Amino acid sequence: MSSGFERDRDEFARGARAIVVLPDQGDASRDVDARLEETAGLAAAIGVEVVERIAYRVRQPKPATLIGSGQVEMLAAQVRMEEAGLVVFDASLSPIQQRNLEKALETKVIDRTGLILEIFGERAATAEGRLQVELAHLDYQAGRLVRSWTHLERQRGGFGFLGGPGETQIEADRRLIRDRMARLKRELEQVSRTRGLHRERRQRAPWPVIALVGYTNAGKSTLFNRLTGADVMAEDLLFATLDPTLRQIQLPGIDKAILSDTVGFVSDLPTQLVAAFKATLEEVVSADLLVHIRDIAHPDTEAQRTDVETVLAEIGVDENTPRFEVWNKLDLLDADTHAEIASQAAHRDDVVAISALSGEGVDELIHQVAAKLTGAHRRYSITLDATDGAGAAWLHAHGEVLGSLDDELETTYDVRLSESDYDRFIRRDA
């Protein structure tokens with residue numbers, strides 16, 4: 001048998017046979033089988049064929065290999081038996097651990113961070129997305145130049161280990177990597193400034209922004225498509241959506257609003273990606289309302305909720321930003337659990353239970369979103385020129401006009417508006 005160790009380690013084709021390994025360090029909040037399933041799903045997202053899933057109990061992580069020496073020997077035997085060309089560790093490996101494991105197993109090894117970077121590298125569709133992924137990959141790769149088979153100087157397609165579209169080639173030299181990273185950061189800053197100008201223009205317009213956030217594969221894009229009639233990629237696939245998508249929608253009492261579908265989060269999201277994708281996630285930071293979509297049928301749904309809240313805090317979302325939860329995938333629950341979850345949601349004003357796939361509960365969700373956006377409205381007295389028909393139409397479209405008083409030159413409106421809409425109205429001619 002020709003082992004994976006003897007091949008070019010950076011040129012694994014789609015369809016490579018892989019073993020997924022979970023070093024179980026006793027995290028009680030995570031279901032071991034669900035975690036293995038998630039990692040296998042991550043591998044499948046880049047076309048890797050997972051032939052075995054193994055969890056090893058690790059009481060004391062080993063500095064050299066993370067798992068114990070006996071576990072390494074058992075894993076090496078499994079690699080030979082399965083003729084695996086790749087081992088995916090659902091953990092963060094140091095460069096030394098990665099190198100030692102590759103020597104002991106005689107095959108390619110990547111960790112959770114490397115796997116997620118691969119997915120992002122393959123899925124990034126826009127120029128901005130490619131910049132962000134390349135920056136994140138370089139940051140990760142800079143510490144792994146000890147690997148003798150990392151050939152960054154060669155021309156090849158892909159950001160990382162398995163290949164993906166559009167990687168710019170870089171010599172395997174830390175100084176050159178730093179220079180390249182600096183250039184990428186400057187380009188992303190320009191993208192961020194442009195995005196900021198677009199955002200300011202939207203804020204001067206009377207349109208609140210609603211951001212859908214949630215764990216990857218929670219059903220955000222399915223819900224986005226149902227609410228907007230869009231055709232965003234929505235599959236039972238981790239990280240199906242990377243680049244943010246904005247669409248205009250109409251809500252009860254709100255003529256226009258902007259709905260934003262964002263990249264899904266995941267546990268242990270690489271810090272390199274959180275930093276690189278901050279420009280994209282600024283839509284979340286500046287949103288008027290966050291709608292947190294949860295896969296309520298998932299065994300780790302509570303842990304996933306914590307993961308999402310952690311990432312939101314990392315990217316600078318104000319904890320006072322209005323938000324509520326959507327418990328999605330009711331269609332996957334049995335009748336008793338469905339009734340229990342629906343009852344729990346009905347007794348809370350910060351939760352709506354739905355099935356984005358079947359449409360159950362979506363009408364209630366729409367009314368809840370509208371209520372959240374209009375619930376903080378205050379009463380204002382606004383005086384306009386009698387000829388300002390556009391301003392009057394604005395107030396009628398986005399607020400509740402309680403009355404008006406006319407004289408020859410001006411009209412004074414008694415109107416209920418949210419504070420953010422009032423600010424938008426005041427700035428509309430700025």
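These questions and answers walk through a predicted model, from its confidence to its sheets and its largest cavity.

Student: What pLDDT does the chain average?
Tutor: This is a predicted model, and confidence comes as pLDDT. Of the residues, 80% score at least 70. The chain average is a pLDDT of 80.

Student: Over residues 163–172, how many contacts beyond four places in sequence does the model have?
Tutor: The pLDDT stays under 50 over this stretch. Where pLDDT is low, the predicted coordinates should not be read in detail. Residues 1–11 also have pLDDT below 50, with 31 contacts beyond near neighbours in sequence. For residues 163–172 the count is 40 contacts.

Student: Which residues does Ala142 touch, leaving out those up to four places away in sequence?
Tutor: Ala142 sits in the loop between α5 (127–141) and α6 (174–204). From Ala142 to Leu176 there are 34 residues in sequence, yet 10.0 Å in space, C-alpha to C-alpha. The residues that Ala142 touches are Arg174 and Ile177.

Student: What is the strand order in the open sheet of 6 strands?
Tutor: Strands of a sheet pair through backbone hydrogen bonds, either parallel or antiparallel. In this sheet the pairing is mixed. The edge strands, each pairing on one side only, are β6 and β10 (351–353). The twist averages 25° from one strand to the next. The order is β6-β7-β5-β8-β9-β10.

Student: Which residue in the turn of the β6 and β7 hairpin has a positive phi?
Tutor: β6 and β7 run antiparallel, joined by 6 bridges. Leu246 stands opposite Ser260 in β7, and Ile249 stands opposite Ala257. The hairpin has 2 residues between its strands. The residue with positive phi, about 80°, is Gly253.

Student: At about what angle does α7 run to β7?
Tutor: α7 lies across β5, β6, β7 and β8 (289–295). Helix α10 (residues 301–314) also packs on the sheet, touching β5, β8 and β9 (323–328). The direction of α10 makes about 150° with that of β8. For α7 against β7, the angle is about 155°.

Student: How many residues of the lining of the largest cavity come from α12?
Tutor: The structure holds 4 cavities of 30 Å³ or more. Elements giving two or more residues to the lining of the largest cavity are β5 (209–214), α7 (220–228), β6 (245–251) and α12 (362–374). Among the lining residues are Leu223, Ile249, Leu365 and Val369. The largest share comes from α12, with 3 residues.

Student: How do the lining residues of the largest cavity divide into nonpolar, polar and charged?
Tutor: The lining includes Ile210, Leu212, Leu227, Leu251, Leu259, Val291 and Ile366. About 80 Å³ of space lies in this cavity. The lining divides into 11 nonpolar, no polar and no charged.

Student: Which are the edge strands of the open sheet of 3 strands?
Tutor: The strand order is β11-β13-β12, with antiparallel pairing. An edge strand pairs on one side only. From one strand to the next, the twist averages 20°. The edge strands are β11 (378–385) and β12.

Student: How many residues lie between β12 and β13 in their hairpin?
Tutor: Strand β12 (residues 400–406) pairs with β13 (residues 410–417) in the antiparallel sense over 6 bridges. Glu400 has Arg416 as its bridge partner. Asp406 stands opposite Thr411. Between the two strands of the hairpin lie 3 residues.

Student: Helix α13 and helix α14 both pack on this sheet. What angle does the direction of α14 make with that of β11?
Tutor: Helix α13 (residues 389–398) touches β11, β12 and β13. The direction of α13 makes about 20° with that of β13. Helix α14 (residues 419–427) touches β11 and β13. Its direction makes an angle with that of β11 of about 15°.

Methods: Residues numbered from 1 in each chain as written. Predicted model: local features only at pLDDT ≥ 70, side-chain atom pairs only at ≥ 80, totals over all residues. Heavy atoms only, no water. 1 Å grid on protein atoms, 1.4 Å probe; cavity = no way out; pocket = protein on both sides within 12 Å on 5 of 7 lines; lining within 4 Å. Points joined across faces, edges and corners; volume = space filled by probe spheres on them. Helix = DSSP H or I, 4+ residues; strand = E, 2+ residues; numbered from the N terminus. Nonpolar A, V, L, I, M, F, W, Y, C, P; charged D, E, K, R; others polar. Pairing = 2+ DSSP bridges. Axes fitted to C-alpha atoms, helices over the stretch in contact; angles between N-to-C directions. Contact = heavy atoms within 4.5 Å. pLDDT = per-residue confidence, 0-100.
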